[in-house]
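Me: I'm trying to make sense of words like "core" and "pocket". Can you walk me through them on a real example?

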Amino acid sequence: MKLSAFHFDLPDELIAQHPAEYRDESRLMVLNRKDQTIEHKEFKDLINYFDDGDLMILNNTKVFPARMYGNKEKTGARIEVFLLRELNAENRLWDVLVDPARKIRIGNKLFFGDDDSLVAEVIDNTTSRGRTLRFLYDGSYEEFRQKLEDLGETPIPKHIKRDVEPEDEERYQTIYAKEEGAVAAPTAGLHFSKHLMKRLEIKGIDFAELTLHIGLGTFNPVEVEDLSKHKMDSEQMLVTEDTCETVNHAIDNKKRVCAVGTTVMRAIESTVSSNGRLNPYDGWTNKFIFPPYDFSIANSMITNFHPSKSTLMMQVAAFAGYDFLMKAYKEAIKEGYKFSTYGDAMLIL
């Protein structure tokens with residue numbers, strides 16, 4: 001398929017700038033692939049589509065406060081530093097993005113905090129905006145990480161055109177987030193409340209967890225018309241033996257297996273055996289799913305409404321069926337559904 005096939009016009013007012021007041025009261029569009037029907041519900045109505053023994057697979061990654069602001073030595077220019085990943089704990093080396101990048105060269109120093117207690121030196125250029133920083137800090141590693149935590153802010157994406165607000169710290173995180181390492185939230189999971197999770201458990205729905213640390217590559221635009229030539233950024237993932245047992249048990253018993261989000265779907269499709277079973281895995285994935293694609297593990301999925309031409313939208317089109325998804329997106333726009341990170345949800349059966 002071609003990139004241009006995934007274009008649609010989205011009015012700016014449909015890009016959610018804030019989350020719904022209550023997590024589980026965002027809207028839910030339910031797509032039934034077999035009947036080709038579309039229903040309009042609330043997220044908490046999800047419970048009506050699952051039964052005892054059905055399984056939901058969750059991504060338990062936790063977003064860390066990755067966006068920091070420092071000042072360049074001598075000029076005092078304000079520089080945004082976006083922490084991508086730790087390269088070396090002992091030497092305090094980090095892979096980061098800087099903005100504005102043209103001002104930041106190898107050898108430059110950046111000062112953070114009102115008291116300049118944290119300093120970083122630029123030691124390498126990695127991409128046009130990418131840099132390797134060595135942080136200099138008088139204190140233990142634990143104190144250094146706490147300093148990053150204190151100085152960082154919730155990395156809400158750029159399509160949210162406002163400053164970070166106190167509620168973002170809680171709401172840009174799933175209630176089951178455990179393993180720190182993501183710079184973007186697994187947005188499909190943001191709709192689950194503690195109350196809804198409890199109700200699902202009481203009904204007998206099982207949960208399995210895996211970890212995929214979402215990088216900024218999730219927002220990278222696709223710049224090639226031929227989708228087979230697009231390269232995804234690699235992201236770190238972990239699927240444990242326990243998770244595999246739970247998932248494979250549900251498959252063997254012909255239960256509904258639901259991938260909560262595109263990141264879960266990418267993870268499970270990255271480590272599936274030829275006989276359609278999930279395997280343990282600890283490593284990296286750069287899997288890119290677009291139509292046509294045969295899915296092996298999940299037979300349902302929960303996802304948000306994604307931007308035009310995004311890799312996320314392409315994956316969902318592969319699962320729902322391209323024509324059906326385009327019809328659903330057209331209806332979503334007509335009905336005023338909210339798109340992107342803090343937007344509404346879709347359940348595909």
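Reply: Sure, here is a short chat about cores and pockets. This is a predicted model, where local features need pLDDT of at least 70 and side-chain atom pairs count only at pLDDT 80 or more, while totals for chains, interfaces and linings use all residues. Residues are numbered from 1 along each chain as its sequence is written, and side-chain values use heavy atoms, leaving out hydrogens and water.

Me: What makes the largest nonpolar core a core, and which residues have the most contacts inside it?

Reply: A nonpolar core is a set of buried Ala, Val, Leu, Ile, Met, Phe, Trp, Tyr and Cys residues joined through side-chain atoms within 4.5 Å, and buried means under 20% relative accessible area (1.4 Å probe, protein chains only). Here 60 residues make up the largest one, with M29, L31, I268 and M346 having the most contacts inside it. There's also a second, separate core of 24 residues, F64 and V122 among them.

Me: Which residues does M29 touch?

Reply: Contact means heavy atoms within 4.5 Å. Leaving out residues up to four places away in sequence, M29 touches several, including I38, F305, Y337 and M346.

Me: Why is the space lined by L84 and V183 called a pocket?

Reply: On a 1 Å grid over the protein atoms alone, a pocket is an open set of points where a 1.4 Å probe fits, with protein on both sides within 12 Å along at least five of seven lines; lining residues have an atom within 4 Å of a point. The largest pocket is lined by 36 residues, and L84, V183, G215, L216 and G217 lie nearest its centre, so it earns the name by that rule.

Conventions: Buried < 20%, exposed > 50% of the residue type's maximum accessible area, 1.4 Å probe, protein only.
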